[in-house]
There are 2 protein chains.
Amino acid sequence: MPERKSRKDAVRNREAVLAAADALFARRESSADITMADVASEAGVGKGTLFRAFGDRAGLLRALYEARLEPMRQAVEAGPPPLGPATPPQDRVTALLDAVLCFKLDNRRLALALEESGSGSPYQAEHYEQWHGMLQAVLEQIPGLTDGDFTAHALLAATRADLVEHLAGEERIPRERVRAQFANFVTRILVPGPPQGLTATE
Amino acid sequence: MPERKSRKDAVRNREAVLAAADALFARRESSADITMADVASEAGVGKGTLFRAFGDRAGLLRALYEARLEPMRQAVEAGPPPLGPATPPQDRVTALLDAVLCFKLDNRRLALALEESGSGSPYQAEHYEQWHGMLQAVLEQIPGLTDGDFTAHALLAATRADLVEHLAGEERIPRERVRAQFANFVTRILVPGPPQGLTATE
DNA sequence: CGTAAACCGGACCCAGGGTCCGTATTCTGG
DNA sequence: CCAGAATACGGACCCTGGGTCCGGTTTACG
């Protein structure tokens with residue numbers, strides 16, 4: 001077996017760092033002014049350790065993010081309806097997007113930090129690819145819907161962390177209202193236009 | 001009058017800096033690795049001058065951006081149809097959003113730089129407020145459309161610089177195709193669902 | 001146990017944004 | 001046209017914060 005089993009102090013420290021970072025983000029400090037040194041000291045660990053474990057700042061953020069994302073991914077891939085695969089496309093798209101939105105609402109600060117911290121566009125991130133791919137696939141099962149690729153992007157764009165933060169954070173719009181509005185928006189996209197081509201656009 | 005008419009070397013240098021920055025961004029260097037020192041030297045000017053004129057990096061970007069945005073703003077506020085005020089809401093929304101998209105397509109690198117360069121969420125930027133406000137106002141003139149505020153945000157989100165860059169830049173989707181897809185998307189939102197509630201969803 | 005590999009941590013490096021201040025330029029009034 | 005004040009110039013300098021390095025320590029394994 002190629003894997004040598006990592007040393008236990010290494011794992012312990014990795015956990016410590018994750019926990020520390022979590023804690024720091026919870027303490028509503030604006031993601032921007034949480035320095036790597038902060039995280040290290042909060043975790044009771046040296047900077048070297050931190051960087052060896054996660055590579056760089058973006059790596060740390062990613063690790064945190066994916067840890068939190070994991071449960072949801074499983075629910076989507078093999079869970080019960082409405083998220084799981086055994087749901088009719090229409091409803092599943094709605095459920096999927098609502099889930100993403102809720103996730104962003106619950107993890108605003110982290111998601112924000114991730115998108116901000118340079119690391120290139122979010123569109124290269126692996127998890128984005130996953131969501132987009134999945135969503136696109138489901139969208140394309142809906143009759144009368146074209147451009148699944150673009151549509152998936154456009155819908156996901158409405159759940160961008162900074163937008164969510166703006167709505168829920170700055171404008172203080174209550175969570176349920178944001179969800180309702182977004183659901184409404186999604187529905188408009190899903191429900192095909194009037195049956196016969198009686199509505200403009202030639 | 002409080003304004004003291006600035007010295008001519010000051011204005012000259014301001015122009016020089018703007019031009020230099022423009023040039024640098026044209027030279028497709030990834031916005032991230034254009035340093036303030038670069039801009040200064042390209043403009044044949046000291047860093048001090050540059051910072052006095054624009055405050056900070058974000059200030060410079062903003063100045064550039066708004067300069068390029070100006071023509072469009074006028075076209076929207078008082079120009080001829082389809083952008084101007086004398087257009088029926090439905091068509092105007094489409095035109096507006098297409099214009100924004102085109103702008104982003106034409107100024108990808110700059111728009112990207114602006115969104116990336118920290119400076120807080122784009123949602124606090126003044127020009128965003130303007131677009132959003134305008135769009136919302138027009139949207140609310142369309143019968144059967146609720147949540148103008150949210151809808152405006154969501155639609156604009158689909159024109160985010162990094163998304164546009166991803167589509168047109170990475171995925172090499174031709175300009176006209178992106179426009180068409182987006183137009184399609186917008187239309188789906190504008191056209192209210194089927195007249196009678198005859199389409200699924202209960 | 002003994003040894004080598006893996007890990008630790010904090011001193012250190014460096015880029016880049018932003019500031020400072022002595023000097024040069026421009027404006028104003030006489 | 002000149003003196004003096006106000007303003008701008010520019011590059012040396014500061015400082016934060018991400019990322020690296022290496023001597024010393026801990027752990028895994030035979």
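Which residues does A:Val93 touch, not counting residues up to four places away in sequence? They are A:Leu135, A:Val138, A:Leu139, A:Ile142, A:Val186 and A:Leu190, where contact means heavy atoms within 4.5 Å.

This is a predicted model, in which local features need pLDDT of at least 70 and side-chain atom pairs count only at pLDDT 80 or more, while totals for chains, interfaces and linings use all residues. Residues are numbered from 1 along each chain as its sequence is written, chains are lettered from A and ligands numbered from 1 in the order in which they are written, and side-chain values use heavy atoms, with hydrogens and water left out.

## Core and buried elements

A:Val93 and B:Val93 touch the most other members of the largest nonpolar core, which has 129 residues. A nonpolar core is a set of buried Ala, Val, Leu, Ile, Met, Phe, Trp, Tyr and Cys residues joined through side-chain atoms within 4.5 Å; buried means under 20% relative accessible area, exposed over 50%, and partly exposed in between, with a 1.4 Å probe and protein chains only. In soluble globular proteins, nonpolar side chains tend to be buried together.

Helix α8 of chain B, residues 148-157, is mostly covered, with 10 of its 10 residues buried; among them are B:Asp149, B:Phe150 and B:His153. Helices (H or I, at least four residues) and strands (E, at least two) are DSSP runs, numbered from the N terminus. B:Glu165, which sits in helix α9 (residues 161-170) of chain B, counts as buried because its relative accessibility is 14%. Leaving aside residues up to four places away in sequence, B:Glu165 touches B:Arg108, B:Leu112 and B:Glu170.

## Contact between the protein chains

Chain A and chain B bury about 3,400 Å² between them, 63% of it on carbon and sulfur atoms, buried area being the accessible area (1.4 Å probe) that two parts lose on being put together, summed over both. A:Phe150, A:Phe185 and A:Arg188 supply 22% of the area that chain A buries against chain B, more than any other three residues. The contact takes 36 residues from chain A and 38 residues from chain B.

## The DNA strands

Around DNA strand C there are 22 residues, of which A:Arg7, A:Asn13, A:Thr49, B:Met36 and B:Lys47 come nearest; a residue is near a strand if one of its heavy atoms lies within 4 Å of it. DNA strand D is also surrounded by 22 residues, the closest being A:Arg7, A:Lys47, A:Arg57, B:Arg7 and B:Asn13. The table gives some polar contacts, that is, pairs of N or O atoms within 3.5 Å.

| Protein atom | DNA atom | Distance |
|---|---|---|
| A:Arg7, side chain | strand C, base nitrogen | 2.5 Å |
| B:Lys47, side chain | strand C, base oxygen | 2.3 Å |
| B:Arg57, backbone | strand C, phosphate oxygen | 3.0 Å |
| A:Arg7, side chain | strand D, base oxygen | 3.0 Å |
| A:Arg57, backbone | strand D, phosphate oxygen | 3.0 Å |
| B:Thr49, side chain | strand D, phosphate oxygen | 3.0 Å |

The elements that give two or more residues to the surface near DNA strand D are α1 and α3 of chain A together with α1 and α3 of chain B, and the largest share, 4 residues, comes from α3(B). On the surface near DNA strand C, α3(A) gives the most, with 4 residues. Of the atoms within 4 Å of the protein, sugar or phosphate accounts for 60% in DNA strand C and 62% in DNA strand D.

Technical notes. A polar contact is a pair of N or O atoms within 3.5 Å; within protein, one must be able to donate a hydrogen and the other to accept it, and residues adjacent in sequence count only if both atoms are side-chain atoms.
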